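Here is a small set of exercises to work through with the model open in your viewer. Try each task before reading its solution.

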Amino acid sequence: MDGSSNKRYPAVRRERLPAKAVYSGIGLSGIGTQVYTEPLIIDPAALAPLPPDGRPDNLLRASTKNEVIVVTAPLPLNADAGDTVQVSLNGTLVGTPLDVEAFLDDEIMRISISAEDRATVPEGVVRINYQIAFVSGSGGVEPGPDGQTYITDYTAPGLPFLGQLVFPDEVVTNGVTPAALSRDEDGNEYLAARVPSYKDLAPGDIIVGLVDSRSEVLDPVNVGASDIELRFMRSFIEEQADGRMAFSYSVSDRAGNASLPSQPVILEVLLEGAIPDLEAPGVPAYDEDPVGEQIIDEEDARAASGVIVEIPANTGIVVGDTVLLHWGSQDIGPVLVPSIGNDPVVTIGVPYAALLAEWAANSDGQDVPATVDVGYDVLRGNLVAGSAQTPAVVEVNLYQAGGVDPDPETPENESLEAPTLTSAGGSDNEIPPEDAEKNATITIPWLQADGETPVFLIGDIVTPVYGTYDVPSLTIEAEPAEDLTISLPVVLIIAVGSGAIDLYYRVERTLAGGGSNTSRSPITVVTVHGADELPGGGSLPAGTMPEAVGTAPAQPDRLLIGKVEAKDGSDFMIPAYVNQRADDTVTVTMRVFRSFYSSGHPADRPSADNRDVTKSFTGPISPPMQLVVHLTEVELMRFDYPTQALHAHLTYTVTSAQAPDRPVTSDVLLVDLDPRGDLPG
């Protein structure tokens, strides 16, 4: 070897032993293939972040797919100038062998692997190694240690598409409101969503939440082994105005492959306009009771408007909002807010059915008050803009005779049996004409409608109601074992009159905690036939004869028909009367007696065999209608007694088709008749 050679043979390096040697054959007769222990080190800039468990796996960044990467390893001690090093991928040498002479100064091999060389192996786990070829000597080779790998991943996660975010059902239904938010350990509010499993999900994936078209990174989540929860922070959501928003996410894996955004979930959002300070409602029926006596009882509950709840005004409430009231578990409404500026801004009536259902559910129908929380939500569209921070608390006791009302939509408690009325003559639920002016009897069953359960307790006050009149009450002094009987005075029968009359009874029961509740029975309809249903209400006034007034020269107020008034006949006038009907039959009767009448006319004497003048007609009548009956000259003058002073008794009788056996005759009209002499002049 001459002195001009460029090869270097550092004696110092040769004196160092390799870290490990493997010998083939038996004994030490010859040195076999050396295996280097130092692995290749990939340039950290080319590597993806470590997985969550912290164990290196040499995953390359996806961005290196078309780039050169550099690997390094200590130069083996037995390599000399002229030797070469070359990398293998999956057992196949790639690239150009490199002379190790370039690495002798710092004893570090730096090997570049091109993108084209790496493309020769499939995506995934790649076995990588190096070998030293002892070109300076006999040309033998020595490999690096086995088990070296790196990973390539150029596929975006979630292909072909990511599933939609999964929100709780109440969020999908009720929207994103303050009630839908949770708080983290630092007190920050967020909306939670679950990310469904997707293709190629792997620990270390980064999930990014997106709201509407904004692509700002929102609370990235590192995927681990547990369920994936994505948190949308309230502060970020509120940066958009309230309304419909699209919630989605994207995924990037450790290699840096990024998915397209998932299909969005459209949610209604109401956070900016939320009302955080709604006050408790007012319940006047409870609040205005004296302290210590506060209770909502049957009288309160049966009010026509229900139990009124007042919703306090709040500057956050706007026209068009609605209020949904919560009476315990019963929801009432929603009720529209038509205007603002009033306090309360809305009043809501809680119907008896809701009051009874809540009380019964919490009292088992016993004589105990039920405590009820009364709250409300203010709705904007279909979203809850706010809820009362503190409910009003009231007590309700609807315990009553008959137990829980089976049909709270009616004023009656259908568990009670209806009463029976018996007339003086023994007719049930009917008062015939002959009994209309006699006392009747009311019978009240002592068992409920089930036929088994007694109605009454000692101390109950039972009050029948006939028409609009209370019948004198009966107080239960001993638990009855038979039906109750109470007299119905004739004065009430007459006062109420004829027709279809409602009959029921009330039972007032004292509550254990003070106060009382009153239950009402179903109605029995009683048919009454009294005189008041007859024409004129059973009494008809006398008719009139206008031509008979003022005809007597000496007595101008006297009723008299002379030859002048009778010449063309004269009209008898019947006034319109009560209960006048189109098909009434009206009969006018005139009886004539000798001599003029005197006060009381006790000396009535028949004239000409007392022949009566009778005129009848039957409708049509158009009520209210005055009727006119014409009496002829012959009928008035009675020429069979031309020289006698006479007087007439005129009446009319009305017979209704509804009561043909009960005609009503009017009072008598007395008229003097004077057929004597000739007409004047």
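**Exercise 1. Classify S595 by its accessibility and describe its backbone.**

Solution. Start with the accessibility in this predicted model: S595 has a relative accessibility of 22%. Buried means under 20% and exposed over 50%, so a residue in between is partly exposed. S595 therefore counts as partly exposed. Next, look at the backbone: phi of S595 is near 70°, which is positive although the residue is not glycine. Finally, place S595 in the chain: the loop between strand 35 (585-594) and strand 36 (605-606) holds it.

**Exercise 2. Carry out the steps of the previous exercise for N429.**

Solution. The relative accessibility of N429 is 24%, so N429 counts as partly exposed. Its phi is near 55°, again a positive value in a residue other than glycine. As for location, N429 sits in the loop between strand 23 (420-422) and strand 24 (430-431).

**Exercise 3. Find the omega angles of the bonds from G333 to P334 and from D343 to P344, and place the two prolines.**

Solution. Take G333 and P334 to begin with: omega is near 5°, and the peptide bond is cis. P334 belongs to strand 18 (residues 330-336). Then move on to D343 and P344, which are also joined by a cis peptide bond, with omega about 10°. P344 is found in the loop between strand 18 and strand 19 (346-350).

**Exercise 4. Work out which rings pair with F167 in the cluster that also holds F232 and F247.**

Solution. A search over the whole structure gives five aromatic pairs. One of them is F167 with F232, with 6.4 Å between the ring centres and 35° between the planes, a tilted pair. F167 is in the loop between strand 8 (149-151) and helix 3 (169-174), while F232 is in strand 13 (residues 229-233), so this pair ties together parts 65 residues apart in sequence. Both F167 and F232 are buried.

Now turn to F167 and F247. Their ring centres are 5.8 Å apart and their planes meet at 75°, so the pair is edge-to-face. This pair also links distant parts of the chain, 80 residues apart, with F247 in strand 14 (residues 243-252). F247 is buried, as is F167. Putting the steps together, ring pairs link F167, F232 and F247 into a cluster.

**Exercise 5. Compare the radius of gyration of the protein chain with that of a compact globule of 681 residues, then describe the chain as a whole.**

Solution. Begin with the reference value: a compact globule of 681 residues would have a radius of gyration near 26 Å, whereas the protein chain has 56 Å. Then consider the extent of the C-alpha trace, which spans about 195 × 70 × 45 Å along its principal axes. The secondary structure consists of ten helices and 41 strands.

Next comes the surface. Of the 681 residues, 42% count as buried. The chain exposes about 34000 Å², of which carbon and sulfur atoms supply 51%.

For contacts, take residues at least 6 apart in sequence: 67% of the contacts between them join residues at least 24 apart.

Last, the charges: there are 38 positive and 100 negative side chains, and the centres of these two sets are 7 Å apart.

Terms used
Residues numbered from 1 in each chain as written. Heavy atoms only, no water. Helix = DSSP H or I, 4+ residues; strand = E, 2+ residues; numbered from the N terminus. Rg over C-alpha atoms; globule rule 2.2 N^0.38 Å. Buried < 20%, exposed > 50% of the residue type's maximum accessible area, 1.4 Å probe, protein only. Contact = heavy atoms within 4.5 Å. Areas by Shrake-Rupley, 256 points an atom, 1.4 Å probe, with all protein chains shown as cover. Lys, Arg positive; Asp, Glu negative; His and termini not counted. Charge placed at Lys NZ, Arg CZ, Asp CG, Glu CD. Phe/Tyr/Trp six-rings, centres within 6.5 Å; stacked < 30°, edge-to-face > 60°.
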